[in-house]
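Please look over the chain shown here. A short report on its fold follows, with notes on domains, ligand and backbone.

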Amino acid sequence: MSDRNGGGCSGVAALERLRGHAVGLDVEYPLATGERTKRIYLDTTASALRLQVVQDVLDRYQPYYANTHSLLHFGAKVSTREFAWAHDMVMNFVHADPETHTAFFVGSGTTGGMNRVARTLRDARPERDVVITSVMEHHSNDLPHRKFLGEVVHVPALVERTSLGRVNMDRLREALEEYGDRVNYVAITWVSNVTGIINPVHEIAALAHEKGALVVVDAAAAAAHVPIKMCGNENPAHDIDVLVFSGHKVYAPGSPGVVVTRKDLFAGQDPMEVGGGMVDDVYLNRHMTVQKFPDREEAGTPNITGAIGLAASLYTLDRIGMDVLADEERKLMRYLMDGLRTVPDMMIYAECDFDVCERAGAVSFNLRDLDHAFVAAVLNDYFNISVRNQCFCAHPYVREMITEVLSEAAEDLDEDEIERLADLHRGMVRASLGIYTRREDIDALIAALKTITADRDTYLAHYDRLDSGDYKHKTFDFDHTSVFSVRGEVDAWLEKDPT
Ligand SMILES: Cc1ncc(COP(=O)(O)O)c(C=O)c1O
């Protein structure tokens, strides 16, 4: 294990140092007001801005880049060793035991990892054809199980009170009872990418293990926000069998996915993907697979730079201390929620009482009477605030929450009004936080939302609603090539005076 919070400066001091240094934090855009201002980035749950330290490390690494399959020249040695270190760093970050667990990189983020896990566990435990998951899941922790396993059961997300919250543990228990030894694994998100609500994954693991089921954790929205302890929990039943996350969610560039898994689950069968790098030898009629982890799971030239960037970021977060980060973020989340509650016509989705459900990193909302796409467009065009809207690849969960909030409002509204709101609120606006988010950013969001609600008619008059459901400003047209285009950059480089 690394020297956590080590290296001479305290976690809080290191955090302060990092905070102002992320790539793109200071980027400016022209606005509909005619001004040009710095963008406020509140879309970390979609993709986090990369930390400047990670970018600098990768820039320093690039001259030494070489293929990890070339073994003997200097560049290959640098790459091979740092790529191996990247695996160690992942294991260290999630507290996985190298005796029992391994980490390997896959393409296309968490989605790539979940597809691989679903196919592998189907083949590893063919007698168990059921997956239990929850209604809160991102599609990438739902559709792969639907595609590759026999049956997928969705447990609702309800806490003791009426509002949607964490996964409902009673219903999970019932589903495990009902499907018994047919359950291959419980696939659960640690943190919801829609509401930021945190699920009790260790308790879920214990319930699953009681029935001989595994637990597969989607840590895409969790890895940069909560401390992760896969192994070595006081109660070993709380340990996690498989965990998946993505580089672009942890302040690293690109989207390498990473799977950390118990080795025995993958060891008994041929790797799902075959090609160079995972074979000892190949004849025309047969091949011998490398048995060593992680090599056997990484066919082809890996995303070496992506993996090293991801590991550089995890090392940085580890130096600060995930407990310190989680603590800081908890305060910021409360500040955000308190601020949102002061905005007139605000509808915040899911359980808002932190003592009932803790949240990490994200909150979704609507302004009554206003379309989520309109609010997101005005936040961007007039205030330079980047948020995400729509359903965040979690359609069932978003639909259920919208229905819940509208039915709560039903007592005060007539049927036409409910129908109109249902039409406007087919999605939500999501604000999400990262290591670089400051209170000033939240203040700017709250002030902007208040201005939008107060001057809604003025803003509405400036927009057309397109058939796609998006909103287009009538006179302001952002030409992205005015700030960046690949062609423009290449042309400029080629035309530069070589002296
Ligand atoms: C909770 C959760 N799971 C899975 C994913 C999918 O991650 P990726 O796009 O890296 O495959 C996301 C991405 O938003 C997510 O937030």
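The sections below go from the whole chain to single residues.

## Overall fold

This is a predicted model. The chain holds 16 helices and 19 strands. Its C-alpha atoms fill a box of roughly 75 × 70 × 50 Å along the principal axes.

The radius of gyration is 24 Å; a compact globule of 499 residues would have a value near 23 Å, so the two agree. Of the 499 residues, 45% count as buried. Contacts reach far along the sequence: among those between residues at least 6 apart, 74% join residues at least 24 apart.

## Two domains

The domain assignment splits the chain in two. Domain 1 is made of 11–49 and 320–476. Domain 2 covers 55–319. Their C-alpha centres lie 29 Å apart.

The contact between them takes 37 residues from domain 1 and 33 residues from domain 2. On the domain 1 side, the elements that give two or more residues are α1 (11–19), α10 (322–341), β14 (362–367) and α12 (395–409). That side divides into 25 nonpolar, four polar and eight charged residues.

## Around the ligand

The ligand has 15 residues around it. Those that come nearest are G109, T111, N193, A220 and S246. Helix α4 (residues 109–124) gives the most to this shell, with three residues.

What is the make-up of the shell, by nonpolar, polar and charged residues? Two residues are nonpolar, 12 are polar and one is charged.

## Backbone exceptions

Most residues other than glycine have a negative phi, and most peptide bonds are trans. Three places in this chain deserve a look on that account.

The peptide bond joining F293 and P294 is cis, with omega about 0°. P294 lies in the loop between β12 (286–289) and α9 (304–320).

Two non-glycine residues have positive phi: H95, near 55°, and F392, about 55°. H95 sits in the loop between α3 (74–93) and β4 (101–106). F392 is in the loop between β16 (388–390) and α12. Are these two residues buried or exposed? H95 has 18 other C-beta atoms within 10 Å, so H95 is partly exposed. F392 counts as buried because it has 24 C-beta neighbours inside 10 Å; the cut-off for buried is 20 or more.

Conventions. Residues numbered from 1 in each chain as written. Predicted model: local features only at pLDDT ≥ 70, side-chain atom pairs only at ≥ 80, totals over all residues. Domains from an automatic or database assignment. Contact = placed C-beta atoms within 7 Å. Helix = DSSP H or I, 4+ residues; strand = E, 2+ residues; numbered from the N terminus. Nonpolar A, V, L, I, M, F, W, Y, C, P; charged D, E, K, R; others polar. Rg over C-alpha atoms; globule rule 2.2 N^0.38 Å. Buried ≥ 20, exposed ≤ 12 C-beta atoms within 10 Å, placed from the backbone. Near = placed C-beta within 6 Å.
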